[in-house]
Amino acid sequence: MESLFSIFATAILPILVVGAVGFVLGRVKDIDTDPLNTVVVYILAPALVFHSLATTTLAESTLVQVAGAVTVYHLVMIVVAEGVGRAFSERDPLLSALVLVSAFPNSGNYGVPVSNFAFGETGRATAVLFLSVQGVLIYTLGVYIASRGGGASGLTGLMEVFRIPLVYAVIAALLARGLGIVPPADATSMATLKLVGDASIPVMLIILGIQLARTDVGATLRTVGVVTTLKMIVAPVIGVGVALVVGFSDPAVAKTFVLESAMPAAVTPLILVAEFAEGKVAGVPVAEFVSTAVFVTTLVSIPILTAVIAILESGLLF
């Protein structure tokens, strides 16, 4: 019990405190998060991604392994969620929303800081790589899944991936590493990038808190049981399976990968559903269903992530 409390206090509580600040702020102030999201997407997150990938001590083979594992994990989760949804006779737009929420974890404004607190610099670097690959997948496969439920053209949405600076930050970092032109870590340019990138973590947590404060939980609470089970129980199990099959040489990388797979539902599906899907769930817009799923899985993640970190730190799996 003492160990679990220690893990909670060191890896989960700091995240909750910052997120709670955003939640309270969202309750007492009418804050438009769009400008903050724009700053994160176009400045802070790309700086974090570039600096982390350019300076990471992870081996090149490990980078390839993580990228492949993240892709496999998402594909498996999409198939499993689709199968479960159809088994329950769900139809679009609920089916698409269920798949999106189940398959895409909050690897950014929740996953990166938790991984950083739990497994240090290796955890942060692995989490950033997980986020980078997921960013490409969610704006390709994710857009297709959301658009099949109605609304805007999926092809139009797929073009969004080419507008996301995060993708170019990944490419630039890998090219810089490959060409051997990454500046020293203490160089002014890299220190500036690190300063800007580090700012993304508290800002993302505050945005998450503000978004959760606006969620209408009561309207669709009864409809999120299946998706919560998929996201918070099935997904980590699949993450463990993928990690064991891939066979990461660095245990910290394997542990972070599993931890990322156990994160609650991402906020991005809410954006995709609002943009590309139409219809209602339990009498309310499908976007409200996604908001509730994000809220519920985030709450449920507190004890689950504490337990997952305890299991991973015990060395039983890796």
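This note sets out, in numbered points, several local features of the predicted model.

1. Second largest pocket: extent and centre. The second largest pocket has a volume of about 260 Å³. Its lining consists of 15 residues, and those closest to the centre of the pocket are L16, G19, A20, L212 and T298.

2. Second largest pocket: origin and character of the lining. Three helices, α1 (2-28), α9 (188-213) and α14 (286-314), each contribute at least two residues to the lining of this pocket. The largest share, six residues, is supplied by α1. In composition, the lining comprises 12 nonpolar residues and three polar ones, with no charged residue.

3. Aromatic pairs: Y73 and F130. Four aromatic pairs are present in the structure. In one of them, the ring centres of Y73 and F130 are 6.2 Å apart and the ring planes meet at 55°; the pair is therefore tilted, since edge-to-face would require an angle over 60 degrees. This pair links distant parts of the chain, with Y73 in helix α3 (residues 60-87) and F130 in helix α5 (residues 111-138), 57 residues apart. Y73 and F130 are both buried.

4. Aromatic pairs: Y73 and F257. Y73 also forms an aromatic pair with F257, and here the arrangement is edge-to-face, with 6.3 Å from centre to centre and 80° between the planes. Because Y73 belongs to helix α3 and F257 to helix α12 (residues 251-261), the pair ties together parts of the chain that are 184 residues apart in sequence. F257 is buried, as is Y73. A single aromatic cluster is formed by Y73, F130, F248 and F257.

5. Helix α8: span and packing. Helix α8 has 15 residues, and the distance from its first C-alpha to its last is 21 Å, close to the 21 Å expected at 1.5 Å a residue. Its buried residues are P165, L166, V167, A169, V170, A173, A176 and R177. These buried residues pack against α2 (34-55), α3 and α5. After α8 comes G180, which has a positive phi, near 70°.

6. V182, in the loop after α8. V182 is located in the loop between α8 (165-179) and α9. Its relative accessible area is 26%, so V182 counts as partly exposed, a class that lies between the limits of 20% and 50%. Leaving aside residues up to four places away in sequence, V182 touches A54, A176, R177 and M190. Of these contacts, A176 and R177 are among the buried residues of α8. V182 and H51 are 131 residues apart in sequence, while their C-alpha atoms are 9.5 Å apart in space.

7. G83, in helix α3. G83 lies in helix α3, the helix that also holds Y73. Whereas Y73 is buried, G83 is partly exposed, with a relative accessible area of 39%. G83 and L95 are 12 residues apart along the chain, and 9.8 Å separates their C-alpha atoms.

8. Points to carry forward. Helix α3 recurs in several of the points above: Y73 in this helix pairs with F130 of α5 and with F257 of α12, and the buried residues of α8 pack against α3 as well as against α2 and α5. Helix α9 likewise appears twice, as a contributor to the lining of the second largest pocket and as the helix that follows the loop containing V182.

How values were computed. Residues numbered from 1 in each chain as written. Predicted model: local features only at pLDDT ≥ 70, side-chain atom pairs only at ≥ 80, totals over all residues. Heavy atoms only, no water. 1 Å grid on protein atoms, 1.4 Å probe; cavity = no way out; pocket = protein on both sides within 12 Å on 5 of 7 lines; lining within 4 Å. Points joined across faces, edges and corners; volume = space filled by probe spheres on them. Helix = DSSP H or I, 4+ residues; strand = E, 2+ residues; numbered from the N terminus. Nonpolar A, V, L, I, M, F, W, Y, C, P; charged D, E, K, R; others polar. Phe/Tyr/Trp six-rings, centres within 6.5 Å; stacked < 30°, edge-to-face > 60°. Buried < 20%, exposed > 50% of the residue type's maximum accessible area, 1.4 Å probe, protein only. Contact = heavy atoms within 4.5 Å. Expected span 1.5 Å × (residues − 1).
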